[in-house]
Amino acid sequence: MTAVCGATFRWIYLAAAVAVAAMLPLGLAQAADKFTGLEPASPQPKDGALAAGLSVDYYFEFFQDIQELIEWTEVFKGEPGEPLATLDNHVGQGDVLTSGRSNGVGAWIKGFIRFDAGLYDLQVNSNDGVRVTIGGQQIYEDPFIHADRMSDPLPVEITEAGWYPLEILYFEKKNTSTLQLFWRVPDSQEFAIVPGSALGHEK
Ligand SMILES: [Ca+2]
């Protein structure tokens with residue numbers, strides 16, 4: 001009898017452990033899914049200190065992944081390109097951003113994005129690799145070669161209105177290329193390309 005009870009309890013414990021284990025990843029994923037504590041630029045850029053759009057430096061190489069591009073940025077100086085008014089590059093086999101080339105392009109994109117206080121959702125469409133960092137936090141990475149792939153919505157909680165540092169590492173190896181940055185502003189149902197009025201870079 002005792003042995004039977006012991007076996008029964010062991011099954012109950014096992015079932016409970018499995019149930020907890022099954023719930024944990026979901027709970028952790030939900031906790032990690034909302035980004036909080038992004039750091040606004042400090043000091044904030046003064047009125048008139050920012051030029052429109054984002055700055056970009058190009059690295060002309062057939063990268064395989066974002067880490068390889070990072071290593072290049074640590075060793076080589078990129079070629080400055082025309083600033084990017086928005087990130088809405090969905091061009092099939094056309095030119096990558098403002099690089100004038102359609103293949104073998106790495107881009108180190110820098111500037112600021114302006115938020116009001118509230119809960120935003122960002123979304124990134126990429127082909128090939130991309131890493132997005134805002135206010136010192138990496139909010140998204142899809143680092144390897146891939147066809148067009150849209151991220152899940154990336155919830156970002158902003159507690160302080162203002163300009164936040166934005167950095168995007170991106171590369172296109174060959175064939176088609178895409179880099180788009182969308183947001184859904186607080187209390188809106190619709191995603192839209194982040195407008196140029198919310199982007200800037202130091203003159
Ligand atoms: Ca591609």
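## A walk through the loops and one strand

Of the 203 residues in the protein, 28% are buried. Keep in mind that you're looking at a predicted model. Colour by secondary structure and you'll have two helices and 14 strands on screen. For contacts with a separation of 6 or more, 76% are between residues 24 or more positions apart.

**Stop one: Ser42 and Pro43.** Start with the loop that runs between helix H1 (2-33) and strand S1 (50-52), and select Pro43 there. Now show the backbone from Ser42 to Pro43: the peptide bond is cis, and its omega is near 0°.

**Stop two: Asn127 and Asp128.** Next, jump to the loop between strand S6 (118-127) and strand S7 (130-134), where Asp128 sits. Which kind of peptide bond joins Asn127 and Asp128? Put the dihedral on display: the bond is cis, with omega about 15°.

**Stop three: Tyr170.** Move on to strand S11 and pick out Tyr170. Is Tyr170 buried or exposed? It's buried, because 29 other C-beta atoms lie within 10 Å, and 20 are enough for that label. To see who is around, select Ala107, Ile109, Ser126, Gly129, Val130 and Leu179: Tyr170 touches each of these, leaving aside residues up to four places away in sequence. Then add Asp65 to the selection. Tyr170 and Asp65 are 105 residues apart along the chain, yet 9.1 Å separates their C-alpha atoms.

**Stop four: Asn175.** Follow the chain out of strand S11 (162-172) and stop before strand S12 (177-184); Asn175 is in the loop between them. Check its phi: the angle is positive, about 65°, although Asn175 is not a glycine. How many C-beta neighbours does Asn175 have inside 10 Å? There are 13, so Asn175 counts as partly exposed.

**Stop five: Asp187.** Carry on past S12 into the loop that leads to strand S13 (192-193), and select Asp187. Here's another backbone angle to look at: phi of Asp187 is near 70°, a positive value in a residue other than glycine. Asp187 is exposed, because its count of other C-beta atoms within 10 Å is 7, and 12 or fewer puts a residue in that class.

**Before you close the viewer.** Try putting Tyr170, Asn175 and Asp187 on screen together. Tyr170 is buried, Asn175 is partly exposed, and Asp187 is exposed. Add Pro43 and Asp128 for the cis bonds, one following Ser42 and the other following Asn127.

Technical notes:
Residues numbered from 1 in each chain as written. Predicted model: local features only at pLDDT ≥ 70, side-chain atom pairs only at ≥ 80, totals over all residues. Helix = DSSP H or I, 4+ residues; strand = E, 2+ residues; numbered from the N terminus. Contact = placed C-beta atoms within 7 Å.
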